[in-house]
Amino acid sequence: MKILCLSYIEEQKFDRMSESERATFIGECLAYDNDLRKNGHFVRLEGLQSARTAKTLRYRSGKVSITDGPFAETKEQIGGILLLDTQNLHHATELMSKHPGIRVATFEMRPIDEQSTENVNTSEPRIEK
């Protein structure tokens, strides 16, 4: 089962770490990611740039509007995504509860709806006849 882990972080929390604290923390996270990889659970990880670089698109009144930054007015913003391959959602939550990143981030775990996207995520789209 594929599980998407959305990582929400309060950017100031990470920025307040000293360089050595940040380096140690990142090293611990990378080591745990390598454990996930060795055990066949790690599919893909993507870190995101700061929420300050984001654009939000909305469709309203027949037009697309584009604004700077994330839509939500909150301290925590999405900092990255991790795609896991696990037995089930419970197994994924067990794995991620041990990840060092939990000390500075909130993890939202969502099963991927592979059936609804199986025709979309191919190199050549299938044409139904």
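S61 is exposed, with a relative accessible area of 78%. That makes for a handy way into this predicted model. The residue sits in the loop between strand 3 and strand 4, and its phi is near 55°, a positive value in a residue other than glycine. For context, most residues other than glycine have a negative phi. So if you're going through the backbone torsions, S61 is one to look up, because its phi is positive and it isn't a glycine.

**Salt bridges**

The two strands on either side of that loop are also linked through their side chains. K55 and D68 meet in a salt bridge, at 2.4 Å from N to O. K55 belongs to strand 3 (residues 55-60) and D68 to strand 4 (residues 63-68), so this pair ties together parts that are 13 residues apart in sequence. Both ends are out in the open: K55 is exposed, and so is D68.

How many salt bridges does the count come to? Seven. Here are three of them, including the one just described.

| Pair | Closest N and O atoms | Separation in sequence |
|---|---|---|
| K55 and D68 | 2.4 Å | 13 residues |
| E28 and R103 | 2.5 Å | 75 residues |
| D85 and K2 | 3.8 Å | 83 residues |

Side chains of opposite charge can pair when their charged atoms come close. What does the E28 and R103 bridge tie together? E28 lies in helix 2 and R103 in the loop between helix 3 and strand 6, so the pair joins parts that are 75 residues apart in sequence. E28 is partly exposed, with a relative accessible area of 31%, while R103 counts as exposed at 51% relative accessibility. R103 gets that label because the cut-off for exposed is over 50%.

The D85 and K2 bridge has its closest N and O atoms 3.8 Å apart. Since D85 is in strand 5 and K2 is in strand 1, this one ties together parts that are 83 residues apart in sequence. Both partners are partly exposed: D85 has a relative accessible area of 28%, and K2 comes in at 24% relative accessibility.

**The nonpolar core**

Now to the inside. The largest nonpolar core has 18 residues, and C5, L36, L82, L84, M96, F107 and M109 are the ones that touch the most other members. Strand 1, helix 2, strand 5, helix 3 (89-97) and strand 6 each give two or more residues to this core. Which element gives the most? Helix 2 does, with four residues.

L36 is worth a look. Leaving aside neighbours within four places in sequence, L36 is in contact with H41, F42, L82, L84, L95, M96 and H99. One of those partners, H41, is in the loop between helix 2 and strand 2. Is H41 buried or exposed? At 14% relative accessibility, H41 counts as buried. Not counting residues up to four places away in sequence, H41 touches L36, L83, L84, D85, T86, H91 and L95. D85 in that list is the residue that forms a salt bridge with K2.

F107, another of the core residues, lies in strand 6. At 18% relative accessibility F107 counts as buried, because the cut-off for buried is under 20%. Beyond its neighbours within four places in sequence, F107 is in contact with C5, L6, S7, M96, H99, G101 and I102. The C-alpha atoms of F107 and T93, 14 residues apart along the chain, are separated by 9.0 Å.

I102, which F107 contacts, is found in the loop between helix 3 and strand 6. I102 is partly exposed, with a relative accessible area of 38%. Leaving out residues up to four places away in sequence, I102 touches M96, S97 and F107. Its C-alpha atom is 9.6 Å from that of I9, a residue 93 places away along the chain.

**The largest pocket**

I9 turns up again in the largest pocket, which holds about 600 Å³ of space. The pocket is lined by 28 residues, and S7, I9, F25, G47 and G79 lie nearest its centre. Strand 1 (2-10), helix 1 (11-15), helix 2 (19-38), strand 2 (42-47), strand 5 (76-85) and strand 6 (105-111) each give two or more residues to the lining. What is the lining made of? The residues divide into 16 nonpolar, eight polar and four charged.

Technical notes: Residues are numbered from 1 along each chain as its sequence is written. This is a predicted model: local features need pLDDT of at least 70, side-chain atom pairs count only at pLDDT 80 or more; totals for chains, interfaces and linings use all residues. Side-chain values use heavy atoms; hydrogens and water are left out. On a 1 Å grid over the protein atoms alone, a cavity is a set of points where a 1.4 Å probe fits but cannot get out, and a pocket is an open set with protein on both sides within 12 Å along at least five of seven lines; lining residues have an atom within 4 Å of a point. Grid points are joined across faces, edges and corners, and a volume is the space filled by probe spheres set on the points. Ala, Val, Leu, Ile, Met, Phe, Trp, Tyr, Cys and Pro count as nonpolar, Asp, Glu, Lys and Arg as charged, and the others, Gly among them, as polar. A nonpolar core is a set of buried Ala, Val, Leu, Ile, Met, Phe, Trp, Tyr and Cys residues joined through side-chain atoms within 4.5 Å. Buried means under 20% relative accessible area, exposed over 50%, partly exposed in between (1.4 Å probe, protein chains only). Contact means heavy atoms within 4.5 Å. A salt bridge is a side-chain nitrogen of Lys or Arg within 4 Å of a carboxyl oxygen of Asp or Glu.
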